[in-house]
Amino acid sequence: MSGKIMIVDAVATNRIVLKVKLSAAHFEVTQASSGTDALQMARAGRPDLIIVGAALPDMESAGLIAALRAGAGTAVIPIVALLPDDTSQARVRALHAGADDVITQPVEERIMLARLRGLLRQHHALQDMRLNAGTDCAAGFGEAQGGFDRPGRITLLGLQMSDAMALRTRLRSACRHQVTALRAGGPVTSAPGAPAADVFVLLIPGTAGDPAAGATGLELMAELRAAPEARHSRIVAVVPAACQPLAASLLDMGANDVIVGDVDLPEWTLRLTRQIQRKQAIDQLRTRLHDGLRAAMIDPLTGLYNRRFAMPFLRDLALAPDDRTRDFAVMVADLDHFKRINDRFGHAAGDRVLCHVADLLGAGVREGDLVARIGGEEFLIIMPGACGDEARRTADRLCRRIAGAGIMLKGECGPVPVTISIGVAMGRSGHTEQTAGPSLDTLLEQADGALYRAKARGRNTVTISARPAA
């Protein structure tokens, strides 16, 4: 099945005809004949998309759409309004109530299916983002309906600049978004490094029966969708009424909306504002996802990697293919007498010392080496491709750098000395999955043992494990 779609319409013939079309396209279809039944079924069954017809016995279609948008379990479900008449007033009313798109009867099957496929792709992608970002099911589109109301950036792209400039004048008179016009087929930003638009409006010229117009439109759409600057932007394509069949292809190529022919200014404003709101909602989800990934592998105090990231990194290094066998070094570093710093100066000062040492360690290793905080005052340093002599020189240099730096702490006249001790063990890549676990455990045990011997020798020193780990 391609997805679950619920049809809401009081006229049985309308439901049956639409169900036949959708079932032939491999959708699972359920039906409701009233707004009340639709609300109950949507809450219980959570369809992937809802088509709301105009004929309902107990409420207006706009009222049902608004009720679905207000429900915690149904707010994010895409909704398509199926209207009996193609009038601007009816379309605006449905969009204003919260419909994601509008389809008018008689239904042009190919365009309808393309619109449904596009909405379902976006819906499922957003659901995945919400799950990964840890947000509840009422986020995303539910937020986009009313939680985001910041002005956005709209760029009009037209082969004929006169068309783009005329539309820019109309939009600027009716919306508070920043609207610019550029020539289609060229750069998609006004200057190198300038932020990309939240929404690109691609104006495709053409006349009926002109195959060159369709080819040009599809080529422009492909170029825009592939532009790195537009990878997170929404795209609205505009095609002349005479080129309506082109709409289905544009939707399947990734257009977020297609406007066929001219529409009134209120509908323009609603459609573009809705796209900007969705873009802002997706941006917030993407930020949450990025923050969650960062929190999973970054130590929040020092900004270094944490143990959760460092251990798989070390395992992957040990499991490198046999033809890439090479030595690598593992160091365990520990601050000397850190408890005394906490006891004398307080934990806030202790945190400053940890950050100070973390910065020095990070700046003192090669590009490609890994530095992680794996405990309270304990750090792990991994040096791929390093031989024993290079590891020893690096560890000695880190000890000297930290001992020579010191740190100013509140209440002290001069820098407070800080030192570390480092234990080093050497490993070799090229292990199998079966042998990597014990070898890594042994490697870390040897580095820990070398660290303890460095502490026993008076601290602020480096000890190398005498035995190779593999």
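**Group meeting talk: helices, strands and salt bridges**

Let's start with helix α11. On one side of α11, Arg308 and Asp316 are exposed. Keep in mind that this is a predicted model. Now look at the other residues of this helix. Ala310, Leu314, Leu317 and Ala318 in α11 are buried. They cover an arc of only 95° around the axis, so they sit on the same side of α11. Here is a general point that helps. An α-helix has 3.6 residues a turn, so residues three or four places apart point the same way.

How far apart are the end C-alpha atoms of α11? They are 16 Å apart. The helix covers residues 307-318, which is 12 residues. At 1.5 Å a residue, the expected span is 16 Å, so the two values agree.

One more detail on α11. Its N-terminal end is capped by Asn306. A side-chain oxygen of Asn306 lies 3.2 Å from the backbone nitrogen of Arg308. You have met Arg308 already: it is one of the exposed residues of α11.

Next, helix α1. We can ask the same things here. The helix has 13 residues, and they should span 18 Å at 1.5 Å a residue. The end C-alpha atoms of α1 are 18 Å apart, which agrees. Which residues of α1 are buried? Arg15, Leu18 and Leu22. Their arc around the axis is only 75°, which puts them on the same side of α1. On the other side, Thr13, Ile16, Val20 and Ala24 are exposed. After α1 comes His26. The phi of His26 is positive, near 70°.

Stay with α1 for a moment, and let's turn to charge. Side chains of opposite charge can pair when their charged atoms come close. How many salt bridges does the count come to? The answer is 24. Take Lys21 and Glu109. They form a salt bridge, with the closest N and O atoms 3.5 Å apart. This pair links distant parts of the chain. Lys21 is in helix α1, residues 12-24, and Glu109 is in helix α5, residues 109-133. The two residues are 88 residues apart. Are these side chains buried or exposed? Neither word fits. Lys21 has 23% relative accessibility, so Lys21 counts as partly exposed. Glu109 has 32%, so Glu109 is partly exposed too.

Now a second pair. Asp257 forms a salt bridge with Arg271. Their closest N and O atoms are 2.8 Å apart. Again, distant parts of the chain are linked. Asp257 is in strand β10, residues 257-260. Arg271 is in helix α10, residues 265-297, and the pair is 14 residues apart. Asp257 has a relative accessible area of 4%, so Asp257 is buried. Arg271 is at 9%, so Arg271 also counts as buried. And there is a network here. Arg91, Asp101, Arg115, Asp257, Glu267 and Arg271 are linked by salt bridges.

A third pair lies within α10. Asp283 and Lys279 meet in a salt bridge, at 2.7 Å from N to O. Why about one helical turn between them? Because Asp283 and Lys279 are four residues apart in helix α10. Asp283 is partly exposed, at 24%. Lys279 is buried, at 8%.

On to the strands. Strand β15 covers residues 420-428. Eight of its nine residues are buried, so β15 is largely enclosed by the rest of the structure. What pairs with β15? Strand β12, residues 327-335, pairs with β15 in the antiparallel sense over nine bridges. Ala333 stands opposite Ile422 in β15. Strand β16, residues 462-464, pairs with β15 in the parallel sense over three bridges. Here Ile422 stands opposite Val462 in β16.

Ile422 brings us to the last stop, the largest nonpolar core. How many residues are in it? There are 34. Leu335, Val353, Val357, Leu361, Phe379, Ile420 and Ile422 touch the most other members. The elements giving two or more residues to this core are β12, α12, α13, β14, α14 and β15. Which element gives the largest share? That is α13, with seven residues.

To close, go back to the two helices we began with. In α11, the buried residues lie on the same side. In α1, the buried residues do so as well. Thank you.

Terms used: Residues are numbered from 1 along each chain as its sequence is written. This is a predicted model: local features need pLDDT of at least 70, side-chain atom pairs count only at pLDDT 80 or more; totals for chains, interfaces and linings use all residues. Side-chain values use heavy atoms; hydrogens and water are left out. A salt bridge is a side-chain nitrogen of Lys or Arg within 4 Å of a carboxyl oxygen of Asp or Glu. Buried means under 20% relative accessible area, exposed over 50%, partly exposed in between (1.4 Å probe, protein chains only). The expected span of a helix is 1.5 Å times one less than its number of residues. The arc is that of the directions from the helix axis to the C-beta atoms. A polar contact is a pair of N or O atoms within 3.5 Å; within protein, one must be able to donate a hydrogen and the other to accept it, and residues adjacent in sequence count only if both atoms are side-chain atoms. Two strands pair if DSSP finds at least two bridges between them. A nonpolar core is a set of buried Ala, Val, Leu, Ile, Met, Phe, Trp, Tyr and Cys residues joined through side-chain atoms within 4.5 Å.
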